[in-house]
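Open your viewer and get ready to click along with this tour. Each stop tells you what to select and what you will find there.

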Amino acid sequence: MEIKQDRSSNITFSLHDTRIKSIIYRDNKLILKADKIFKYTDAGEKIYSGEIVFGDSDLDECSVLIFDKVVYEGRFAGNAISMREYMEKYRNTEFEIITEGYYGYNTTYTGWIWENGKEPVSGIMHIWNSGDMVYRIEHIEK
């Protein structure tokens, strides 16, 4: 099932606590494979697995900030890298979304970057796309 995000109304789904298992760029679409996608209904919370697809994505306008550690006095240590570089260098990690923001054609996910055997680090993912944002729902977890 595919559900298109309506950028001018309430968000149907929540990605809080979702882990992005992999990221693919194909046919001008950025595809985030998610372990769970939440939907809140009058009957309660439903949990799906699936993908978030950003149509007409421009990888040159997408980036990821990776924080090594927070330093007091308002400074931080880390890297700002392109989405393409993130997809290559960090393919064996998971990005856990803590907060999400949707602003016109920009989507921002803030959360944790997990790598096996290491402590998680903070990250911010910036996605730019001019096409539809679509949730591809695979199945419901009970």
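**Stop 1: a loop residue**

Start by selecting Asp56. At 40% relative accessibility, Asp56 counts as partly exposed, because that value falls between the 20% limit for buried and the 50% limit for exposed. Look at where it sits: Asp56 belongs to the loop between strand E5 (44-54) and strand E6 (63-71). Its backbone is worth a look too, as Asp56 has a positive phi of about 50° although it is not a glycine.

Keep in mind throughout that you are looking at a predicted model.

**Stop 2: the whole chain**

Now zoom out and colour by secondary structure. How many helices and strands does the chain have? You should find 1 helix and 11 strands. Follow the ribbon along the sequence and you will trace the pattern β-β-β-β-β-β-β-α-β-β-β-β.

Switch on the surface next. The chain's accessible surface comes to about 8600 Å², and 47% of it belongs to carbon and sulfur atoms. Of the 142 residues in the chain, 37% are buried. Contacts also reach across the sequence: among those between residues at least 6 apart, 54% join residues at least 24 apart.

**Stop 3: the nonpolar core**

Hide the surface and select Ile52, Met83, Tyr86 and Tyr109. These are the residues with the most contacts inside the largest nonpolar core, which has 28 residues. Strand E4 (residues 29-41) gives this core its largest share, 4 residues.

Centre the view on Ile52 and show what surrounds it. Leaving aside neighbours within four places in sequence, its contacts include Leu15, Ile20, Leu30, Ile31, Tyr109 and Val134.

From there, move to Ile31, which you will find in strand E4. Is Ile31 buried or exposed? It counts as buried, because its relative accessibility is 2%, and buried means under 20%. Beyond its neighbours within four places in sequence, Ile31 is in contact with Ser22, Ile23, Ile24, Arg26, Glu51, Ile52 and Val53. For a distance check, pick the C-alpha atoms of Ile31 and Val134: they are 9.5 Å apart in space, while the two residues are 103 apart in sequence.

**Stop 4: salt bridges between strands**

Time for some charged side chains. The whole structure holds 7 salt bridges, and we will visit some of them.

Select Glu94 and Lys21, which form a salt bridge with their closest N and O atoms 2.5 Å apart. Glu94 lies in strand E8 and Lys21 in strand E3 (residues 19-26), so this pair ties together parts that are 73 residues apart in sequence. Compare their surroundings: Glu94 is buried, with a relative accessible area of 18%, whereas Lys21 is partly exposed at 39%.

Next, select Lys33 and Glu138. Their closest N and O atoms are 2.5 Å apart in another salt bridge. This pair links distant parts of the chain, with Lys33 in strand E4 and Glu138 in strand E11 (residues 133-141), 105 residues apart. Lys33 counts as partly exposed at 27% relative accessibility, and Glu138 counts as partly exposed at 45%.

**Stop 5: a salt bridge within the helix**

Jump to helix H1 (residues 83-89), where Lys89 and Glu85 both lie, 4 residues apart, about one turn of the helix. Their side chains meet in a salt bridge of 2.9 Å, N to O. Lys89 is exposed at 58% relative accessibility, while Glu85 is partly exposed at 26%.

**Stop 6: a charged network**

Which residues are linked with Glu94 in a network of salt bridges? Select Arg19, Lys21 and Glu96 along with Glu94 to see the network.

Stay with Glu96, which is found in strand E8 (residues 93-103). At 11% relative accessibility, Glu96 counts as buried. Its side chain also makes a polar contact with the side chain of Trp114, at 2.8 Å. Not counting residues up to four places away in sequence, Glu96 touches Asp17, Thr18, Arg19, Thr110, Gly111, Trp112 and Trp114.

**Last stop: Asp17**

Finish on Asp17, one of the residues that Glu96 touches. Asp17 sits in the loop between strand E2 (13-14) and E3, and it is partly exposed, with a relative accessible area of 31%. Its phi is near 75°, a positive value in a residue other than glycine.

Key
Residues are numbered from 1 along each chain as its sequence is written. This is a predicted model: local features need pLDDT of at least 70, side-chain atom pairs count only at pLDDT 80 or more; totals for chains, interfaces and linings use all residues. Side-chain values use heavy atoms; hydrogens and water are left out. Helices (H or I, at least four residues) and strands (E, at least two) are DSSP runs, numbered from the N terminus. Buried means under 20% relative accessible area, exposed over 50%, partly exposed in between (1.4 Å probe, protein chains only). A polar contact is a pair of N or O atoms within 3.5 Å; within protein, one must be able to donate a hydrogen and the other to accept it, and residues adjacent in sequence count only if both atoms are side-chain atoms. Contact means heavy atoms within 4.5 Å. A nonpolar core is a set of buried Ala, Val, Leu, Ile, Met, Phe, Trp, Tyr and Cys residues joined through side-chain atoms within 4.5 Å. Accessible areas come from the Shrake-Rupley method with a 1.4 Å probe; for residues, only the protein chains shown count as cover. A salt bridge is a side-chain nitrogen of Lys or Arg within 4 Å of a carboxyl oxygen of Asp or Glu.
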